[in-house]
Amino acid sequence: MALTPTLGVVFAAILALPCDLYKIPPHEDVAKVARFVANQCDWASMATISTRDPVKGQPFSNAFSVSDGPVGYGTGVPYMYLTRMEISVQDLQVNPQASLSMSLAQTDFCKNQGYDPQSPLCAHIIFSGTVLEINGTEADLAKKSLFSRHPEMADWPPDHHWFFAKMNITLVWVLDYFGGVKTVSPEDYFKATPYKSLHRRPHVSDWKLWNRVF
């Protein structure tokens, strides 16, 4: 179902709450920080192993829109809307292994704190894993997650044969403080509950509206 302009406004207000409405978890709570970053970010840099000359066999990075659900209610799973016409997706068809990087530099957080994007204090994460096509109920969830935060997707050309995919996470790398990178297992990552609102926390009715409209 395509989003109407009115619904786009509704979801911009309900779901796309700015990062500064939420307090980033303490850097000691590494899994919570990772979940927070994944939920706040709307796009990621995905690195694949290139299958295209003249860089065949070399790392190749590309930007992709992502969503793990509404801001403040993310699932932790990075969902993507892909086409096999895209060069990185062609890499994934040969080798589904990839890494996905997200940084709070794309939100207001680092700018407001005066952190350079390369600073460890500008929290960023890297997922290691594989990218898998999804169908059925999970694809429905991915559609809701993505189209609510990226409404333009509803109007992308159908002849590109879009499909929904997810990053199947095998390890999470976190840089959010001095002292080097930290790692989080998928089990600890998905158990974490990172959301602490400084102002308004999304109410359960937001989720109900989100599910009713789509």
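**Exercise 1. Classify Trp162 and its ring partner.**

Start with Trp162: its relative accessible area is 23%, so Trp162 is partly exposed. The cut-offs are under 20% relative accessible area for buried, over 50% for exposed, and partly exposed in between (1.4 Å probe, protein chains only). The model is predicted: local features need pLDDT of at least 70, side-chain atom pairs count only at pLDDT 80 or more, and totals for chains, interfaces and linings use all residues. Residues are numbered from 1 along each chain as its sequence is written, and side-chain values use heavy atoms, without hydrogens and water.

Next, take Trp156. At 25% relative accessibility, Trp156 is partly exposed.

Now pair the rings. Ten aromatic pairs occur in the structure. Trp156 and Trp162 make a tilted one, 4.8 Å centre to centre with 40° between the planes. Rings of Phe, Tyr and Trp (its six-membered ring) pair if their centres lie within 6.5 Å; under 30 degrees between planes is stacked, over 60 edge-to-face, the rest tilted.

Finally, widen the view. One aromatic cluster holds Tyr81, Phe147, Trp156, Trp162 and Phe164.

**Exercise 2. Locate the disulfide and give its handedness.**

Search the whole structure: one disulfide turns up. Cys110 is joined to Cys122, S to S 2.0 Å; the criterion is a pair of cysteine sulfur atoms within 2.5 Å.

Read the torsion. About the S-S bond of Cys110 and Cys122 it is about 100°, so the disulfide is right-handed.

Check burial. Both Cys110 and Cys122 are buried.

**Exercise 3. Find the ring under Arg84.**

Arg84 lies over the face of Phe163, 4.2 Å from the ring centre.

Definitions and conventions
Lys NZ or Arg CZ within 6 Å of the ring centre and 35° of its normal.
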